[in-house]
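I opened a fresh notebook page for this structure and meant to keep the entries short. Here is what I looked up, in the order I went.

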Amino acid sequence: VVRGTILRKTSIASRRGRRYTLTITSWRPGRSQEVFRVSSRVFERAVVGKSVTVDLHPGYLGLGWYDHVSPE
């Protein structure tokens, strides 16, 4: 589990529906931010400037993946 601060919330409408993303501060060296696609429920609960936790998992060939983004 890693923690970051929500920097920006983005909602984009497309033909396939609406897409929600959260941009948060990065925990990785050399990066300032990370972008995560989230559900509308998570998006609505998220507040810019507040903390968020991300459940990270090691992946194949060093490519990690996440399965849970939770605003605090």
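**Entry 1: burial and rings.** Before starting I wrote down the cut-off: a residue is buried when its relative accessible area is under 20%, exposed when over 50%, and partly exposed in between. I also reminded myself that this is a predicted model.

I then looked up F43, which has a relative accessibility of 13% and is therefore buried. Y20 comes out at 18%, so Y20 is buried as well.

**Entry 2: aromatic pairs.** How many aromatic pairs does the structure hold? I found three. In one of them, the ring centres of Y20 and F43 are 4.8 Å apart with the planes at 45 degrees, so I noted the pair as tilted. This pair connects distant parts of the chain, as Y20 belongs to strand 2 (residues 17-25) and F43 to helix 1 (residues 40-45), 23 residues apart.

Next I checked F36 and Y66, an edge-to-face pair with 4.5 Å from centre to centre and 85 degrees between the planes. F36 sits in strand 3 (residues 33-38) and Y66 in strand 5, so parts 30 residues apart in sequence are tied together by this pair. Buried or exposed, I asked of F36? F36 is buried, at 5% relative accessibility, while Y66 is partly exposed with a relative accessible area of 31%. I also noted that ring pairs join W27, F36 and Y66 into a cluster.

**Entry 3: T53 and E72.** I moved on to T53, found in strand 4. Its relative accessibility is 14%, so I put T53 down as buried. Setting aside neighbours within four places in sequence, I listed the contacts of T53 as V1, V2, R3, H68, V69, S70 and E72.

That list led me to E72, which is placed in the segment after strand 5. Which residues does E72 touch, not counting those up to four places away in sequence? They are R3, S51 and T53. With R3 there is a polar contact between the two side chains, at 2.9 Å. I looked up A13 too: the C-alpha atoms of E72 and A13 are 26 Å apart, with their positions 59 residues apart along the chain.

**Entry 4: a surface patch.** Last, I turned to the surface. Y60, L61 and L63 make a nonpolar patch there of about 440 Å². I picked L61 for a closer look and located L61 in the loop between strand 4 (51-57) and strand 5 (65-71). L61 has a relative accessible area of 70%, so L61 goes down as exposed.

Terms used. Residues are numbered from 1 along each chain as its sequence is written. This is a predicted model: local features need pLDDT of at least 70, side-chain atom pairs count only at pLDDT 80 or more; totals for chains, interfaces and linings use all residues. Side-chain values use heavy atoms; hydrogens and water are left out. Patches are made of residues with over 30% relative accessible area and no salt bridge: like charges are joined within 9 Å, nonpolar side chains (Val, Leu, Ile, Met, Phe, Trp, Tyr) within 5 Å. Accessible areas come from the Shrake-Rupley method with a 1.4 Å probe; for residues, only the protein chains shown count as cover. A salt bridge is a side-chain nitrogen of Lys or Arg within 4 Å of a carboxyl oxygen of Asp or Glu. Helices (H or I, at least four residues) and strands (E, at least two) are DSSP runs, numbered from the N terminus. Buried means under 20% relative accessible area, exposed over 50%, partly exposed in between (1.4 Å probe, protein chains only). Contact means heavy atoms within 4.5 Å. A polar contact is a pair of N or O atoms within 3.5 Å; within protein, one must be able to donate a hydrogen and the other to accept it, and residues adjacent in sequence count only if both atoms are side-chain atoms. Rings of Phe, Tyr and Trp (its six-membered ring) pair if their centres lie within 6.5 Å; planes under 30 degrees apart count as stacked, over 60 as edge-to-face and the rest as tilted.
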